[in-house]
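I opened the notebook to look up surface patches and strand pairing. The entries follow in the order I checked them.

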Amino acid sequence: MQQCEGHVLAVWREPFKLGSPEVALWKPGMTVTQIVGAMECLPADFSERGVVMVNGAEVPRTLWPLVRPKASTSDIIVGVTFHYAPQGGRGGGGRKSIFGLVAALALSFVTAGIATLGIPSLGIAAGSIGAKILAASIGIVGSLVIGALSSPPVRGQQQENKSDAVELEPAGVSGNVLEPNAAIPRVIGTRRVFPPFAFEPIVELVGQDEFVEAVHVLAGPHKLENIRLGDTTWDLSKVDSDLIIETREGLPGERRLDLTRRQGRTFDLNTEMSVHGTDAEDQSLFAEPLPVWHGMATADSPDEAWVHFFIGGLTRQQDIAQKLRIPMRIRMRRRGDPDWRYLPELHYMDATQAQRRVQVKFFFGEAFDGTLPEPPTGRGFIEARKKVPGQNVLPLGVDWFSDDYFSAGAGNEIYRNGTNLTTNVRNVLLSADTVSVFLSADAWPSGIYEIEIIRGATFRDNLFTSNTYAYNGSILDFYGSNAAGSLPLTREGLLDRIHIRRIVSIRKEYPINQKNLALIALKARNRSIGRLSVKASGYVRDWDGVGWHDLTTTSNPAPHFLDVLTGPLNFDPIPEDIIDLDGLLEWRQACIDNDFTCDMVAEGDGLQDLLRIVASCGYARPYQSEFYGIVRDYDRSDEAPVQVFSPRNMAGFGWKKAFARVPAGFRVNYRDEDVDYSSKQIMVYRKGAEGTDARTEQVSFEGFVSEAKIIKRASFDLAQAEHRATFYSWTSPAEAIVCRRGSLVAVVHDILMRHYGYGRIKSVLLDGTGDNVVGIVLDTAIEAKNAPDMLEVPDMLAVPDMLEVGLHTGIAIRRTDGATSVHALSNAAGETDTLMFETPVPNDETAGSPFDGGPLIAEIGEGCLVVVGLAGRETKRLIVTEVSNGKDLTANITAVDEAPQIWAA
């Protein structure tokens, strides 16, 4: 609001374009014409065709140069919006597919405000919120996604996996690491899945062993079976000291992981530390460049930070037994601080051609108050110095000191074997492979620390006098040069490369706070682990005969649909009291009876998109109105319509047909359970089209993992595209409330059939006993047909209209209880308002309302709506696909053909 004060807010969205609109703020005093001219995003002909509205009121084009919108205030935002009607497509005389426009509008409506299912855990919040354009929105599949009663189980825009693969060698694991705010995968049904890492794997050096620990995660509780590392199935009962695996299924009451109690952040560096340059002909002489500092940084406020080095041997080919030293200096500063703080100079010594793994470990929080351990003498980190005297040969140098934090006072500046009890070096501990640095919170406040490391020239240990820092009689600057240009040790045949491999920041806190997560933890020593996969089945609350209480694994779509709506993984769960639980229970049984299943991996899917896919696997579609539920699509041939519509109770009837070229078949990609959920593709042809048309459409089906179910679903969708391509629409009064999306209704109208009629019952004709209805009298006359069949006509040449042969009239009555019954008539041909039933029907009664004047009323009585048509074809049977509110309590209804033949497909 504050951003808008003093400005005019201008908003433009290109027609049919999803995403954020173009927004601009303009100073007051500009005319509408000037604002339109300044909005560069508007179409070129907007001044001729566009419409401008100020706070919802249209500004006539002739007044654009005169109207100057006022500035927004703290109470009122003055908004200018731009509107531009779509034009016809190019070519073909400017004609554009009406269905294409309808589809675009539907997409704009359906995808608006779709939330994303995510899991707020591990610092990982819900997935990004945003609309999704269906990737299959071009072609028949896209049309079915928009308009079909049960859409194909296709995903929307494919989720990009932005996580990088982590390869850690030689002890390592591979896989994807969850980014902050990323969605955690959830298995619906059963699938083999590659769970991502909950956090970055931690690589730790212990002596010359390299350990890696990692935790894989799935959202919600899962049954975990058949863990596989690469192509090898892991036996959980197997005892292996080099590889340990621990699982938690995420069920209530489970204890925390024992294998890991910390989390880490790794920055791979893979940097070779620079050395002195040498003369091209004499490698004992220095030539530019000098060694440089190599930088890195910790994560924010770690408890520990480990810098790992790989030393590729330390020896000279001419004398492999000679022990050599490499001096190193480390400096640190908290990010934002101007001055560096230096650690004591470290000396590493060895005589080997073998690779060594060494590290410097920083411990934040406490100073070291114990007894310094005895440093090694044979190899490793043998010395730390808080003072180094300046070079005493030309050019002369100055003394170097480490930070006062690492000193207990003047003198005794060397920490080496034999001085651990007397040295004044503090808070640095030496061992063969590790330097441990302790940093107190007072002296080293928490934050991100920048660390830089430099190495000096390699020199012989036997020529170095530690007490005086003299090398072969002179004090040298191992990081610089001397006037003579000589190096302490020729680099010819010298093996002394050091790689800074990585820096690992550690936080000592249990890495996973949320309980309802399935976890697989592993720890490996000196092993490279292939990518981990697991056969996972999502636990969900299923019907137990009383309620949705039974925590189990199932592939039935119904309990998973309910779980997506109400479960803990929904960022904003839907209250159960506004969910059609009875309808879901009925659907659950239908899924059991028809073997409808859903087996998929949900990861970052929009809530509506996920609900649609799960429902599609059960041949249904989500329903959202006064309550949440599903609309089933099934064979309704034996059912009566729930409502009858005729010109007596509807207006504005019309229909639109999409003349799309239905493909010969689908090339379906899916995951096949028979080949361990690997990707597979099959061709499914439309009935009667195999071999007649090479045009096919590719689609990826989610939720189905068997070839038989893929064929069944693809055949059904191809039949839908062929037989449900017509969309009927009309407006009805308040009595339309009887039907909803998915309802079977009956429609009579002159644009649908040649022989039709309609009216309301004026009176009812009973037999002598009053127990049966034998006929009715309408409030209008209708034309009855009662012509003999062709075989009964004695002289066909005498028939005036062959189209009338064999026609018989039938009627459908919408009874007072809402049911619809169909009756054949015995009337002679001709116009009449009295209709006689071919077979009398019982004069049944039903409970009435207070408005009917009594507790019981006749089911066939005065005022009942009657529609007339040919016997067996009295009405057009349609299924409602959309109901929207109109003016004055009316409803706008859209429907498609019942098309029972699609179930035979």
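I count a residue as exposed when its relative accessible area is over 50%, as buried when it is under 20%, and as partly exposed in between. I also keep in mind that this is a predicted model.

**Entry: nonpolar patch.** I looked up I737. Its relative accessibility is 73%, so I737 counts as exposed. I placed I737 in the loop between β47 (726–732) and β48 (744–747). I then asked which residues make a nonpolar surface patch with I737. They are V642 and V738, and the patch covers about 290 Å².

**Entry: strand β47.** From that loop I went back to β47, which spans 726–732. Which side chains of β47 are buried? I found T726, Y728, W730 and S732 buried, pointing to one face. F727, S729 and T731 point to the other face and are not buried. I noted the general rule: in a regular strand the side chains alternate between the two faces of the sheet.

**Entry: partners of β47.** I checked β43 (residues 651–657) and found that this strand pairs with β47 in the antiparallel sense over five bridges. Y728 of β47 is the bridge partner of W655. I then checked β58 (residues 891–897), which is joined to β47 by five bridges and runs antiparallel to it. There, S732 has A891 of β58 as its bridge partner.

**Entry: charged patch.** I turned to negative charge on the surface. D279, E281, D282 and E492 gather there in a patch. I traced E492 to the loop between β32 (474–475) and β33 (494–495). E492 counts as partly exposed because its relative accessibility is 46%.

Key:
Residues are numbered from 1 along each chain as its sequence is written. This is a predicted model: local features need pLDDT of at least 70, side-chain atom pairs count only at pLDDT 80 or more; totals for chains, interfaces and linings use all residues. Side-chain values use heavy atoms; hydrogens and water are left out. Patches are made of residues with over 30% relative accessible area and no salt bridge: like charges are joined within 9 Å, nonpolar side chains (Val, Leu, Ile, Met, Phe, Trp, Tyr) within 5 Å. Accessible areas come from the Shrake-Rupley method with a 1.4 Å probe; for residues, only the protein chains shown count as cover. A salt bridge is a side-chain nitrogen of Lys or Arg within 4 Å of a carboxyl oxygen of Asp or Glu. Lys and Arg count as positive and Asp and Glu as negative; His and the chain ends are not counted. The place of a charge is taken as NZ of Lys, CZ of Arg, CG of Asp or CD of Glu. Helices (H or I, at least four residues) and strands (E, at least two) are DSSP runs, numbered from the N terminus. Buried means under 20% relative accessible area, exposed over 50%, partly exposed in between (1.4 Å probe, protein chains only). Two strands pair if DSSP finds at least two bridges between them.
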